[in-house]
Amino acid sequence: MFLAEYQSKELLAQYGVVVPDGRQARSPEDAQRLCKDIDARKYVVKAQIGAGGRGLAGGIRFAATPSNVADEARRLLGDVLVTEQTGSAGETVELVHIEAAIDIVQSCFVAIALDPSSGAPILLASGAGGVEFEQRARMDEDTVQGCALPPDSAEARDALATFLTGIGMTDAQDAAIDAIYAARLAFMSNDMTLVEINPFARSADGRWIAVDAKVAIDPNAGFRRPEFASMVADRPAPADELAAQRHNINLVRLDGNIGVVANGAGLGLATNDMIMDAGGKPANFMDIRTTASSMDVARGIEILLGDDRVRAILLTIHGGGMTSADTVAEGVNFAYAKAKRKLPVIAYISGKHADWGHRILRERKVPVESFDTITAAVGRVAELASQGRAR
Amino acid sequence: MAIFVNSETRVIVQGMTGRSGTFYTDEAMRYGTTCVGGVRPGKGGGSHLGLPLFDSVQEAVDATQANASLVIVPAQQAGAAMLEAIDAGIGVIVCVTERVPQHDMSRVKQALLGTDCVLIGPNSQGILTPGQCKIGVMPTGNAKPGHIGIASRSASLTSEILAQCSKAGLGQSTTVGIGGDTLHGVGFVDCLKRFRDDPETEVVVLIGEIGGRGEEEAAAYLETVDYGKPVVALVVGRHAPRGRRMGHGGTLSALGGGSAADKIARLRATGVEIAADADDVASAIARASAHSNKTGAK
């Protein structure tokens, strides 16, 4: 779960990372008024959305005066930003963060994560950061260098200094090391899965400043971090994704018109690949998980039936674990018994109690067509969805 | 033969008295797995499903000579349960628990360094050597003993592919679920190495997905060795949007992770036969076997 930029910075600042002086506003008037509290010669107005790729989508604006800040806030607030991570629907800006513009001498990139190989914290860094850094890093893996980040000690700091020198972070190096160890402490103390500071900028007065910061916290650690719930409370997420979460369903909204139900993340990804290959477009990724009850499944189906974009529903089910195929079929049946809108169901059902599952759908009069292979089911649902469009 | 587990494997279950623990221990025993006891702090001296209960893993190991453990406890306790099993010298730990905090796995991974312990999971369906040993939550109705070794990151997709393989007459040596999380125990490379040394295994199937570096590491390993057995791979999530988590935590890694296209290209470049989609794996195995017979790979 990513925190908003302002939350990320507040958290890092508590551990000693230097961040620009800033305030948050929900209206242009507030934005202008808050400028007097910020010690700055120039300002930056930044859209606070949950997805990355904001800079390239115009979500960061510079302003010379408080009245310019109000103008930029007016442009951003209520606007929909479409970045490569939001999907085509984009995300509406409801909050802006106003902060002092920094006179940047050098822009770097630093991130802390857990190394999947060793399990230990690792520093990822580059001597050249900035807005287009992610794109560059994606093209060329060598853009980012990794370095183990053991607990703070004189030896660890010496090793870090050597590493930073190697990537061109030589000036005011002690301040950079202090900032990195402050970020490490924040990372270790808060069940973070990622701290990304980009740009990690050296200012003209020799300070290293987190000009932008992105923190991800581990939702699985929420049981020992009660504060997480309030941190993400105002995070924008589609209503149907939140409803699905309450029923232990993983749902991600996509742009198509085929509602997809799969029991298992891998099976869901595999199904969506095959839909796209067949010329169809999934409206969602849905993993009802192998521990789902029939009521959980019913809720998942109801979400799809309530989605106006969806023309047909594809079930890709391999019964197993505690959720056999008949449990899933019962769930579909529950949802259809209540539903006003009964979309066609195309089903590929196999695994534990598959025959039973087929029988339930047939006998309870769910409008179902069953197929023997995923390929055949996907072909049929793609055909149905395209007919729906033409009508 | 087979890898990691076989008919000699003696299994204890950490969390045996819970709802899931009871269900899956019962299923494993019906399948023929040698289950020798359960661990439930405070219930030591009692019994459950006809097996003795112990307060700690060490006591269970001392009394039963267990060499494997199924960890099936709530996510809050999974890290501590794995650490306890590592300390007690368990050889193979299988953790099926989902949603284990990453920082707990960080401690577990560091505790594994320098030990011979094999961790499978977490968030894994477990490991199955058909006809010999099931440790996990996977269905077994469609599994058949044979010569295909499978390593995968997702559970139900693997069950589906395993069923398709069995239907095509392709039985399995061992199926390993390496798990869907970012931080996990054994990976594709560990499985490839074991399958290479296993005389029962003739073809290896890797079932991967977007995110993480596991498929890239497998490709890098295969580049450095004359593997000697055909390898088939399916990588799903080819059309998934970037930067969004798709069910498994591992699909979203710190810096975006590898795309499916990139993983497929790297694996293909090392001679791995790529399955076009989930329905193509049995055919891909046939293609890879035919090709390897023609070129005389042993």
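**Entry 1: between the chains**

I began with a single pair across the two chains and found that Asp273(A) forms a salt bridge with Arg238(B), with the closest N and O atoms 3.8 Å apart. I note here that the model is a predicted one, and I keep that in mind for every value below.

I then looked up how many salt bridges there are between chain B and chain A, and the count is four. For the contact as a whole, I find that chain A contributes 61 residues and chain B contributes 54 residues. Together the two chains bury about 4,500 Å² between them, and 56% of that area lies on carbon and sulfur atoms. On the side of chain B, I looked for the residues that give the most, and Arg99(B), His103(B) and Arg244(B) supply 15% of the area that chain B buries against chain A, more than any other three residues.

**Entry 2: helices 3 and 4 of chain B**

I turned next to pairs of helices within chain B, starting with helix 3 (residues 75-87) and helix 4 (residues 102-112), whose axes are 9 Å apart and which pack at an angle of about 10 degrees. Since angles under 35 degrees count as roughly parallel, I describe helix 3 of chain B and helix 4 of chain B as roughly parallel to each other. From helix 3 of chain B, Gly79(B), Met82(B), Leu83(B) and Ile86(B) take part, and among the residues that they meet in helix 4 of chain B are Met105(B), Val108(B) and Leu112(B). Sorted by class, this contact has seven nonpolar, one polar and two charged residues.

**Entry 3: helices 6 and 7 of chain B**

For helix 6 (residues 188-197) and helix 7 (residues 214-224) of chain B, I note an angle of about 40 degrees, with the axes 8 Å apart. That angle makes helix 6 of chain B oblique to helix 7 of chain B. The residues of helix 6 of chain B in this contact include Phe188(B), Lys193(B) and Arg196(B), and those of helix 7 of chain B include Glu215(B), Glu217(B) and Tyr221(B). I read the classes as six nonpolar, one polar and four charged.

**Entry 4: helices 11 and 12 of chain A**

Last, I looked at chain A, where the axes of helix 11 (residues 325-338) and helix 12 (residues 354-363) come within 7 Å and cross at roughly 15 degrees. The two helices of chain A are therefore roughly parallel to each other, and helix 11 of chain A passes helix 12 of chain A in a right-handed crossing. Among the residues that meet are Ala329(A) and Val332(A) from helix 11 of chain A, and Trp356(A) and Ile360(A) from helix 12 of chain A. The residues of this contact comprise seven nonpolar, two polar and two charged.

Definitions and conventions
Residues numbered from 1 in each chain as written. Chains lettered and ligands numbered in written order. Predicted model: local features only at pLDDT ≥ 70, side-chain atom pairs only at ≥ 80, totals over all residues. Heavy atoms only, no water. Axes fitted to C-alpha atoms, helices over the stretch in contact; angles between N-to-C directions. Helix = DSSP H or I, 4+ residues; strand = E, 2+ residues; numbered from the N terminus. Parallel < 35°, antiparallel > 145°, perpendicular 65-115°, else oblique. Left-handed = near helix turned anticlockwise from the far one by under 90°. Contact = heavy atoms within 4.5 Å. Nonpolar A, V, L, I, M, F, W, Y, C, P; charged D, E, K, R; others polar. Buried area = accessible area lost by both parts, 1.4 Å probe. Salt bridge = Lys/Arg side-chain N within 4 Å of Asp/Glu carboxyl O.
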